[in-house]
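Student: I've got a new structure open and I'm not sure where to start. Could you walk me through it?

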Amino acid sequence: MSVRGWRWWARSWDRLVAALQDEAPVGSAAGPTPSGPLVEQRDAPRLITVPARGYVYSFHIRATFAWSSPASLRSEVLSWYVQYFQPNAIQRLTRLAADAARDLPPHRAGDLEVALQQALADDPEWSYERGEVVITCRPDAAVRLDERIMPALQPHVDRMVKLEYQFDEQLRKARYAEELSRRWMAILSDDADDQDVADARHHLLNAHREATRWITELLHHHAEPPTDQVTPPHQRPAP
């Protein structure tokens, strides 16, 4: 198609869209006019891929866009505009993801997702115009790891799961010891004049303090970030 023919087609389409915006349903079988603007949900046709730090591994992003228009567009008209503008939205989201991923190691998919969600929360609605028609989209993104790095991550994840279980078990025992010693101290306080009872109360008081210290240390160490980093197999030093 020539440039002149394309321009004529574009003008004709815009006139058709303007006419359809105010067109009433034809025939008694037409459904009722929906309340509020139409919303069309569209997934990106493929995962968005952006490189992680080092440009060896990548992050893969599943993107979803919720499209709508403040104007009373017919569903087929809105679909046409969504088809027209979605590549722009995908390109914009790709730039955001690439900027956020550039300094992240390849196993930090969760950090990339948090950064993307924050960026989208700061600018939640993107607008696009063609002629007098304005449509908006609300993007959403979920990040997946590069499958090639999963074998390197598996031992680390298994170890973290085991440590998490051990922490929960130790914390449960410490809290049980604290509660038990507190109850015994309350019972023995009624017979504080008896030396044996006083000794037992002193012993339980020490146990209570030890249990409290144990809980505090467990929570402190659990809150600290892990110091070990996952190294891809091809970067590990030879033994």
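Tutor: Sure, let's go through the core, the aromatic rings and a couple of single residues, keeping in mind that this is a predicted model.

Student: Okay, which helix or strand gives the most to the largest nonpolar core?

Tutor: That core has 33 residues, and Phe 59, Phe 65, Trp 67, Leu 93 and Ile 135 touch the most other members. Strands S2, S3, S4 and S5 and helices H2 and H3 each supply at least two residues. With eleven residues, the top contributor is H2.

Student: Are the rings of Phe 65 and Trp 67 stacked, edge-to-face or tilted?

Tutor: Both of these residues are buried. Their ring centres are 6.4 Å apart. Stacked needs planes under 30 degrees apart and edge-to-face needs over 60; the planes here are at 40 degrees, so the pair is tilted.

Student: And what about Trp 80 and Tyr 84: stacked or edge-to-face?

Tutor: These two both sit in helix H2, four residues apart, which is about one turn of the helix. Centre to centre, their rings are 5.4 Å apart. The angle between the planes is 10 degrees, and the cut-off for stacking is under 30. That makes the pair stacked.

Student: Is Tyr 84 buried, exposed or partly exposed?

Tutor: Buried would need under 20% relative accessible area, and exposed would need over 50%. Tyr 84 comes in at 38%, so the label is partly exposed.

Student: Which residue has its charged end over the ring of Tyr 84?

Tutor: Tyr 84 belongs to an aromatic cluster that also includes Trp 80, Tyr 81 and Phe 85. A charged end sits over the Tyr 84 ring, 4.9 Å from its centre. The residue it comes from is Arg 130.

Student: Where is Thr 136, and is it buried or exposed?

Tutor: Thr 136 is found in strand S5. Leaving aside neighbours within four places in sequence, its contacts are Ala 66, Trp 67, Ser 68, Glu 125, Trp 126 and Ser 127. Its relative accessible area is 10%, and the limit for burial is under 20%, so Thr 136 is buried.

Student: Last one: what is the phi of Tyr 55?

Tutor: Tyr 55 lies in the loop between S2 and S3, and at 57% relative accessible area it is exposed. Most residues other than glycine have a negative phi. Tyr 55 isn't a glycine, yet its phi is positive, at about 60 degrees.

Methods: Residues numbered from 1 in each chain as written. Predicted model: local features only at pLDDT ≥ 70, side-chain atom pairs only at ≥ 80, totals over all residues. Heavy atoms only, no water. Core = buried A, V, L, I, M, F, W, Y, C linked by side-chain atoms within 4.5 Å. Buried < 20%, exposed > 50% of the residue type's maximum accessible area, 1.4 Å probe, protein only. Phe/Tyr/Trp six-rings, centres within 6.5 Å; stacked < 30°, edge-to-face > 60°. Lys NZ or Arg CZ within 6 Å of the ring centre and 35° of its normal. Contact = heavy atoms within 4.5 Å.
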